[in-house]
Amino acid sequence: NLSTVSEFVFVGLSDAPETRLLLFVLFLLIYLATMAGNIALLAAISSDSHLHSPMYFFLSNLSLLDLLCPTITVPKMLGALLLEHKEISFSGCLLQHFSLIAVVGTEIFLLTVMAYDRYVAVCHPLRYPSVVSAKLCARLALGTWAAGLLNSLLHTSLVFTLCFCGPNKIQQYYCDIPPVLALSCSPTRSRELVILLVAGVLGSGACLVTVVSYIYILLEILSRDSPGAWHKAFSTCASHLTVVCLFYGTTICTYVRPSFSYSPHRDRVVSMLYGMLTPLLNPIIYSLRNKEVKCALTRVISRV
């Protein structure tokens with residue numbers, strides 16, 4: 001209620017008409033390809049009974065998140081490029097911020113759950129159907145979504161209860177934590193510390209579970225001393241491990257650091273990596289590394 005800013009303006013997108021049109025076409029094609037890839041993957045998993053297993057259940061949740069992530073930010077960016085409508089209301093910015101942080105947080109927790117799923121599949125294959133049951137999968141998926149929403153609620157309340165009474169130009173193409181904090185005329189140091197602490201605890205906890213899971217997987221493979229075990233474990237875990245490295249690397253570079261190190265130009269590039277390219281690459285990574293998914297996708301495409 002103390003804020004005098006009623007809307008924000010996105011800057012950082014090109015002002016040259018010929019460049020704007022080129023960027024519009026490029027980002028539109030990336031967005032459409034992302035939608036098509038993840039929708040096709042969801043259709044393949046839901047229509048093929050061979051893919052009705054815990055691994056693909058979690059993968060379908062990942063595809064849903066990869067549909068939501070660019071949809072939260074890209075349409076507004078496309079409108080700014082084509083129509084030069086770069087303004088967003090305070091409440092619209094708040095909603096966009098909440099939705100994006102919720103999706104990113106949920107994906108972090110989901111990738112951790114998927115790491116545990118791979119650990120059980122490799123280290124305890126005989127017990128896998130009983131350990132990773134349908135009920136446990138539903139609870140884990142629900143828990144990841146709930147944790148992501150609660151985490152986003154905390155971050156959004158910390159950021160948008162500040163006072164905004166000065167500049168309203170966001171050095172980004174969407175409402176993100178660092179550029180919005182930079183516009184506040186209130187002291188932000190204590191809230192930055194809380195944000196870093198929460199992100200550090202949750203992120204390091206999720207990362208630790210993932211690392212420990214893969215350490216156990218590696219030890220299990222070494223104990224078997226079989227070339228076939230190496231190949232099977234690699235085919236089982238390679239896709240997930242690739243997605244984890246890609247997602248964690250870009251997310252940590254964007255969020256886990258203080259605001260004084262904020263660089264608008266660098267952050268726009270990094271945020272596009274995890275906001276646009278990662279959702280595009282995830283279905284490609286899982287499709288290329290998985291024969292069952294490729295066969296199911298082929299059947300879906302042939303029916304279409």
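Begin by selecting isoleucine 217, which, leaving aside residues up to four places away in sequence, touches Arg118, Tyr119, Val122, Cys123 and Cys237, where contact means heavy atoms within 4.5 Å. This is a predicted model, in which local features need pLDDT of at least 70 and side-chain atom pairs count only at pLDDT 80 or more, while totals for chains, interfaces and linings use all residues. Residues are numbered from 1 along each chain as its sequence is written, and side-chain values use heavy atoms, with hydrogens and water left out.

Next, add Leu62 to the selection: together with Ile217, Leu62 touches the most other members of the largest nonpolar core, which has 57 residues. Such a core is a set of buried Ala, Val, Leu, Ile, Met, Phe, Trp, Tyr and Cys residues joined through side-chain atoms within 4.5 Å, and buried means under 20% relative accessible area, computed with a 1.4 Å probe on protein chains only. Among the elements giving two or more residues to this core are α2 (54–83), α3 (90–123) and α7 (189–224), the helices being DSSP runs (H or I) of at least four residues, numbered from the N terminus.

Then move to arginine 118, one of the residues that isoleucine 217 touches. Arginine 118 forms a salt bridge with aspartate 117, their closest N and O atoms being 2.7 Å apart; the term requires a side-chain nitrogen of Lys or Arg within 4 Å of a carboxyl oxygen of Asp or Glu. A search of the whole structure finds one such bridge. Aspartate 117 is buried at 2% relative accessible area, and arginine 118 is buried at 6%.

How values were computed. Buried means under 20% relative accessible area, exposed over 50%, partly exposed in between (1.4 Å probe, protein chains only).
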